[in-house]
Amino acid sequence: MNYTICYTSKSVENLDSTEIKSIFQSTVLKNSDRGITGILLYNSGYFFQVLEGEKEKVKSLFYDLIYPDERHVELFVVMEKFTTEPFFSSYSTEFSVVQTKEEYDHLKKYIDTHLINEDSKKFKRLLAPFVQMLDA
Ligand SMILES: Cc1cc2nc3c(=O)[nH]c(=O)nc-3n(C[C@H](O)[C@H](O)[C@H](O)COP(=O)(O)O)c2cc1C
């Protein structure tokens, strides 16, 4: 059974774009190596991440590494549960970061065409403010 953790957090004030890029880069490499799928977004001081994969791997990544990371605060877990199918595994076989307008458009389209269950509808609602900030 697949396990999903989805959370939002706020970056610390002095986090610059170089550091954000480096978080993004190492996240793609390490998560793809671990067989973890999902997405990571950053916009206007806020992170949004979905982690999907084997329960122990997802939990230890989140609670042991990401949670105590001092580059972000006010972590708020919006979903943590077993899921039948990893929602983002058919988005990309690798873990994805979303940065450019094209990547946001791609994500928006993917979610709109994969509104298969309550989880996907929840992702759509949660992502709406991020997408709107980019459109503005
Ligand atoms: C918002 C945010 C999301 C992160 N997501 C991941 C992640 O999905 N996978 C990962 O390996 N590290 C992630 N990190 C980095 C980890 O918190 C941690 O710094 C890193 O795993 C430590 O790796 P190291 O021990 O090899 O230096 C994230 C950090 C932040 C601030």
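What percentage of the 136 residues of the protein count as buried? Hold that thought for a second, everyone, and a quick caution before I answer: this is a predicted model. The answer is 25%.

Let's start with the overall dimensions. Measured out along the principal axes would be the wrong phrase for a computed model, so I'll just say that the C-alpha trace spans about 40 × 35 × 25 Å along them. For a chain of 136 residues, a compact globule would have a radius of gyration near 14 Å, and the protein agrees with that because its own value is 14 Å.

Now the fold. We have four helices and five strands, and walking along the sequence you meet them as β-α-β-β-α-β-β-α-α. The five strands form an open sheet with mixed pairing, in the order E4-E1-E3-E2-E5. At its edges sit strand E4, residues 72-83, and strand E5, residues 96-98, each pairing on one side only. On average, neighbouring strands in this sheet are turned by 15 degrees against each other, ignoring direction.

Let me zoom in on one pair. Strand E1, residues 2-11, runs antiparallel to strand E3, residues 46-54, and nine bridges join them. If you want a spot to click on, try Lys10, whose bridge partner in E3 is Tyr46. Then look at helix H2, residues 55-66: this helix lies across E1 and E3, at about 150 degrees to E3.

One last number for the contact-map fans. Take the contacts between residues at least 6 apart in sequence: 73% of them join residues at least 24 apart. Thanks, all!

Note on methods. Residues numbered from 1 in each chain as written. Predicted model: local features only at pLDDT ≥ 70, side-chain atom pairs only at ≥ 80, totals over all residues. Helix = DSSP H or I, 4+ residues; strand = E, 2+ residues; numbered from the N terminus. Rg over C-alpha atoms; globule rule 2.2 N^0.38 Å. Buried ≥ 20, exposed ≤ 12 C-beta atoms within 10 Å, placed from the backbone. Contact = placed C-beta atoms within 7 Å. Pairing = 2+ DSSP bridges. Axes fitted to C-alpha atoms, helices over the stretch in contact; angles between N-to-C directions.
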